[in-house]
Amino acid sequence: MRTTLGERLTDWAISGFMWGFRILIVFIVVYGTFSTLSSGKYTGEQWIDFIIFGISQGSIYALIALGYTMVYGILRMINFAHGEIFMSGAFSAYFLATWLDKMGFIDANPALGLIIPILFAMFMSASISMLVERIAYRPLRNAPRLVPLISAIGASFFLQYTFRGFFGPGVYAYPPIKALQGEWVFFGIGILKSQVIVAVSAAVIMAILYVIVMRTKIGKAMRAVSEDKDTAALMGIDVNRIIVSTFAIGAAMAGAAGVLYALIFRQVGFFMGFTPGIKAFTSAVLGGIGNIPGAMLGGLVLGVFESIGPALFLDGLGIPRPYQLKDAIAYTMLVMILLFRPSGILGERLTSKKA
Amino acid sequence: MKKENFIWSSIKVGLLAGAIGIFLSLVGMVEVFNKRDVVEKVISLGMFLLLAISMIAGFIASRRTSDLLGGNQAGSNLLAGTLAGLFTGITLALFVLASDQLNLRAIFLNATPTLSGLLTFGRGSGGLWMLPVLGAGTGLAGGAFLLLPLLVRRPITHAIMVIIFSALFSSLFRVIMVNQGGGIEKAAKAIFSQTGLTINGALVFIFGTLFISILWSSQGAKVQNRVDRLPAKGKLSLRVFSILLIAYVAIMLPQAAGPFIAQVIVIISLYILMGLGLNIEIGFAGLLDLGFVAFYAIGAYTVGLLTSYGEYGLQHVSFWVAVPIAVLISMMFGGILGVPVLGVRGDYLAIATLGFGEIVRLLAGSDFMAPYLGGPRGIIGIQKPCIGTLGEFIAVDIPRVCNGIELSKPQDIYYVAIASALLIAFFSWRLRESRLGRAWMAIREDEDVAEALGIKLVQAKLLAYMLGAAFAGLGGAIFATLVGSIFATSMQLIVSINVVALIIVGGMGSIPGVVVGALALIGLPELLREVSEFRFLLYGMALIAVMLAKPEGLWPSQTISRELHHDEAADATS
């Protein structure tokens, strides 16, 4: 193919710019890390704290990311309202937990006081998500790709401001579980109990999901539908039912994540779903969207990076109060993954049909 | 397929409508709307909302009955309407009962005694029977409405719509008319009350609309015919006349309407401007950009830094110098940020750009950039535009003196915004039919095919993205001078969502659609305090509803609507 000189120059300019951008990012990371570590501003214990916090937060991202990834795997659609499903789980659990707390139930049975709100949140989130799917997504299943995405953005706003209307703009404090306050000491390192519990619960829930997807009949059907909807339908799979149950299972994970988030941060508000939602989406892309183990890994990686990032990369550059830019690290990572490896860590190269 | 029993279907419609009514009550809409009247002392807006729900339920149930029975059958239709309305009422009554018994207030903020008082018409539990009865009545009316001939139905629909419209905007009309003084002022006071229409006003509007509507349906065809038969010259002068009329209204409106409304109009025109800019990205090239606010912020901060006489002002040039620079810088950033992400497809792009928007906001508000951008304290003291020469810059916190006309009031900035919007409209109109515009549309339809046809994807997309960024920067620049200060907190994602929503609702790729979208989505909430409380809830509903019912928008561009209804057209011709 013949190309003019001007076109070739623009091509060069663009690829040169891309390389410049990559080198800049690598430089920032390497230089920042080096100067932070050589300054010795943070002790080893602080780094471990950062990492543990990152893991517990990352496991929450991972739980939310599962919903994004499963829905994307089946419908090739970004469920923009997923963050709000997470928020609705936290809200439902909050009301149940306050009620249980008033009766003294949580103090008496801390384990049940944790598990019952989680189950309730999973149920509520799943119901809301099924409703959203029915109203806002199902009629648009064969529409051009932007159409369901815009509808999802609408659903996200609708849910956010419905909750604002129902429960007001304020922030509610999730009732504390007394048994989970304080620290456990492992090998001489104190770790907040709540963080351990959150990471463990998330791991248990993810393990259950993995069994559902890999071992049960419905999981098999899900994998088949995500491979090829039409063929799956020919094999006698009720595609609609599988799509709905995918939404429900993903939402249940998000609902559980909502409760765990509320346990760590103790705050429940109508806007709480937005940022974790975007970050979970980042995790899903990081791990390779459509890939379930990828979402789990992506969540953990993002959580840890975000937790150590401000101290490790930015502090060394002499940026004051680097934790203010914590969220910016997550967003930059999102852009970088899309740039360097759009298929994610574990993802296969997306064929044009899937991308 | 087995046909449903019409009675059961009507009951389902009624229950659904009741659920919607409960939803609106719990969100707080009924109570807030109740503070406004449709017709003073007769019916409040909140009550009207509930009655409208049961009436629509009756209408829908009646229509479904006709579908199920294969034609109108007066008895069944009326029964269906009544049943639907009745069950709407019963559902709401049960809700009132439940909220009294269960103390729903502990969970739902809006389940207040005021709400249940409102729903029982102030009679406590003794008034519970009224909801089902009223519901059945309005449902019956809704059901009967379907049976009326079109000639009667249309004027009534028009009358109801005009009543609502004029009641909603009564305060606006009132202010404008009262400002004129004299007889107009008296007329305004006779028609509009403080909260809505007066009884006389309502009668005037109802009969006026009925008359005009009936006249139009009997004579309209003739008039239309005459217009169509006009010679080319006559048509042209008619068009010129209507354009002049619109221009006159656009120029005079802010002067006539007073400062509050002028402020609203400026904001609308600002959003029209940005909508036209983003329309190039979304409507033409199909790039869903949720990070529009990033460039808006860059434009605003550039103008702020260049013109502010406050402590962060780097230069103190005039507005007219700063704006082109701001536009260029936004465009440059558009290029820098665009190159990395534009290789990414459709929905990923939306999230990546959203990330950009957030990064810019976080940076602007952080301590890292605070020495340059003021951080949370923002940039204040932005010089107003001046037609004429500016005096010397003397010291921090002292504005430069303007020897000429200073455009300090919102009304003045309005003209700047409208002129820019016209410029952008001209740009996008010319671009759409250009080679580049067609390349964009090809990309929007199918990237792979477009690439195969020799379109350089990244370059064409980059141009669209940079133009969008430039216009966002212009919007931000004008916003900065309008407000006179910039804070990182005003650079929220909401700005991007506003612009995206107005384009989608108005019609992707359509220039008049952007204007309609901005009027509906920005104008309404700014003018009506009642609506502004539920602004984003309504946005969400509007986005979903538009995607479900009319994905081409309220005022679509012809090409897009043809594309979206391609299958139907193909069916019709085959």
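This report looks at two domains and one helix pair in chain B. The model is predicted.

**Two domains**

The domain assignment splits out two parts of chain B. Domain 1 covers 6–147, and domain 2 covers 254–573. Their centres, taken over C-alpha atoms, are 41 Å apart. The two domains do touch: five residues of domain 1 of chain B are in contact with four residues of domain 2 of chain B. On the domain 1 side, helix H2 (residues 29–33) of chain B gives the largest share, three residues. That side of domain 1 has four nonpolar residues, no polar ones and one charged one.

**A helix pair**

Two packed helices are described by the angle between their axes and the distance between the axes. Here the pair is helix H7 (residues 150–168) and helix H10 (residues 199–229), both of chain B. Their axes come within 8 Å and cross at roughly 140°. Angles over 145 degrees would count as roughly antiparallel. H7(B) and H10(B) are therefore oblique to each other. Their crossing is right-handed.

Which residues of H7(B) and H10(B) meet? On H7(B), they include B:Leu151, B:Pro155, B:His158 and B:Val162. On H10(B), B:Phe205, B:Ile206, B:Thr209 and B:Leu210 are among them. By class, this helix contact has ten nonpolar, five polar and one charged residues.

The table sets out the two contacts by residue class.

| Contact | Nonpolar | Polar | Charged |
|---|---|---|---|
| Side of domain 1 of chain B that touches domain 2 of chain B | four residues | no residues | one residue |
| H7(B) with H10(B) | ten residues | five residues | one residue |

Key: Residues numbered from 1 in each chain as written. Chains lettered and ligands numbered in written order. Predicted model: local features only at pLDDT ≥ 70, side-chain atom pairs only at ≥ 80, totals over all residues. Domains from an automatic or database assignment. Contact = placed C-beta atoms within 7 Å. Helix = DSSP H or I, 4+ residues; strand = E, 2+ residues; numbered from the N terminus. Nonpolar A, V, L, I, M, F, W, Y, C, P; charged D, E, K, R; others polar. Axes fitted to C-alpha atoms, helices over the stretch in contact; angles between N-to-C directions. Parallel < 35°, antiparallel > 145°, perpendicular 65-115°, else oblique. Left-handed = near helix turned anticlockwise from the far one by under 90°.
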